[in-house]
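I opened this entry to look up the ligand surroundings, then the sheet, then the domains. The notes follow the order in which I checked things.

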Amino acid sequence: MPHIKTKPFNREILNYHQEFNDFITFRATDEHEELWGICYEGVEFLLHLKIDSDGNYLLKYDKVTRPLKVELLKKSIAILADILKLEILSANIVSYKTKAPLASMYQKSIKDFENIEFGTQKVSLEVGFGSGKHIVYQATQNPDKLYIGVEIHTPSAQQLLKQIGLQNLTNIWVVNYDARLLLEMFASNSLEEIYVHFPVPWDKKPHRRVISPSFLTQSMRTLKIGGTLELRTDSDRYFWYALQTFFAYPKIEVKVHKNRDLEVVSKYEARWRRQAKDIYDVWVVSHENSPQDRRDFKFDFDTIGYNNGLKNTLPSESQIFEEYFIHFERIYSIVGGGWLLRVAMGSFDRPEHKFILMTPQEIRYMPSPPVATLTNYHVHQKLQEFLNE
Ligand SMILES: C[S@@+](CC[C@H](N)C(=O)[O-])C[C@H]1O[C@@H](n2cnc3c(N)ncnc32)[C@H](O)[C@@H]1O
């Protein structure tokens, strides 16, 4: 991931550089590091500035706010290095000229799904598409259906976007996000299929598994009547865990198949086949006509004011409530006044990390509000109480 290591430089210079006013929107510091709010080509993200053990400076990307286009990070770091005339010791920001990303219109952000309605358009979702072989195959076979692929791993998302461009596909959307959160954004009864092929088993951290009771509930809500959730796995343990999860659901139709041949074999599947491993398919059919969820939640901070003493009032321990938690992980003070908070929050099995920017002029999530779920709305209400204290 993009970064540069430089000799130390006078950071105060940033305060006087006119060129930076729209580019670096703020600087925030705590005892360990400095964060720069960057706005570049209309995209907002953060860069970290750390001092290493030799006293040199390391300028690098931030995981939580990282944009999908790595080029934006590389270019913004290169611009900073150029304007500040930094003495670079090592770098990883070489830009390779690639063809204009034809597929970028097929790249969607979580915000694009707020209150989305598909009307008569048939829509399927693939969770964790990896190399994208299966979703590309499906999209090619069913040109009238829209395939939404959600993948948490950014390079895989980029690879699929490239494939879409190369094969001139027009019916795939790519979302680089946690599928467990994205699923909550869909309207009830809107999906034909949900594919989960070879999910990471997470044997030691089961709470990170994609399949869970809440994922099943959301799948049953978002699938149309007759729609299927399709799990394909090579893991005996995951297979039995999934069956147990599915059968705990009050009313359910489950079908199971062993060693079924698919028209398309992914990289993972090919590996398991070479090892003569058993492969299990499990289908769960939805028979629910689910009521629509409320999805028009607001995530603004209009009812609270700037709190100059915030740092002294926020709890340092995780705050655990019945269905969610809030943890104020880091509190940075903004040069010139204000606070930048890094917060871990949300449901226990699918938490989000967010930044909250609080200055005398504005209070907002950065770069975007949490996913608009009922749980996150409750989290947001509680957060306001903490910020208002
Ligand atoms: C073992 S790979 C399987 C890839 C592909 N489905 C296949 O059959 O080859 C699992 C994929 O799921 C993705 N993944 C894991 N957790 C995820 C989540 N919560 N949301 C979206 N993708 C996830 C991983 O990044 C990885 O690409």
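I started at the ligand in this predicted model. I found 21 residues around the ligand, and Gly 128, Gly 130, His 153, Ala 179 and Ser 266 come nearest. I sorted the shell by class: ten residues are nonpolar, seven polar and four charged. I then asked which helices each supply at least two residues of this shell. They are H5 (179-182) and H8 (267-274).

Next I traced the sheet. It is open, has eight strands and shows mixed pairing. I read the order as E7-E10-E9-E8-E11-E12-E14-E13. E7 (107-108) and E13 (253-258) are the edge strands, each pairing on one side only. I followed E13 to E14 (residues 280-285): the two pair antiparallel over six bridges. Lys 258 has Tyr 280 of E14 as its bridge partner.

I looked at helices on the sheet. H4 (residues 154-166) packs there and touches E7, E9 (146-150) and E10 (172-175). The direction of H4 makes about 160 degrees with that of E10. H6 (residues 213-222) lies across E11 (191-197) and E12 (223-233), and runs at about 140 degrees to E12.

Last, the domains. The assignment gives domain 1 (3-91), domain 2 (102-285) and domain 3 (310-388). I noted 24 Å between the C-alpha centres of domain 1 and domain 3. How many residues of domain 1 are in contact with domain 3? Eleven are, and they meet eleven residues of domain 3. On the domain 1 side, E2 (24-29) and E4 (43-51) each supply at least two residues. E2 gives the largest share, four residues. I classed that side as six nonpolar, two polar and three charged residues.

Note on methods. Residues numbered from 1 in each chain as written. Predicted model: local features only at pLDDT ≥ 70, side-chain atom pairs only at ≥ 80, totals over all residues. Domains from an automatic or database assignment. Contact = placed C-beta atoms within 7 Å. Nonpolar A, V, L, I, M, F, W, Y, C, P; charged D, E, K, R; others polar. Near = placed C-beta within 6 Å. Pairing = 2+ DSSP bridges. Axes fitted to C-alpha atoms, helices over the stretch in contact; angles between N-to-C directions.
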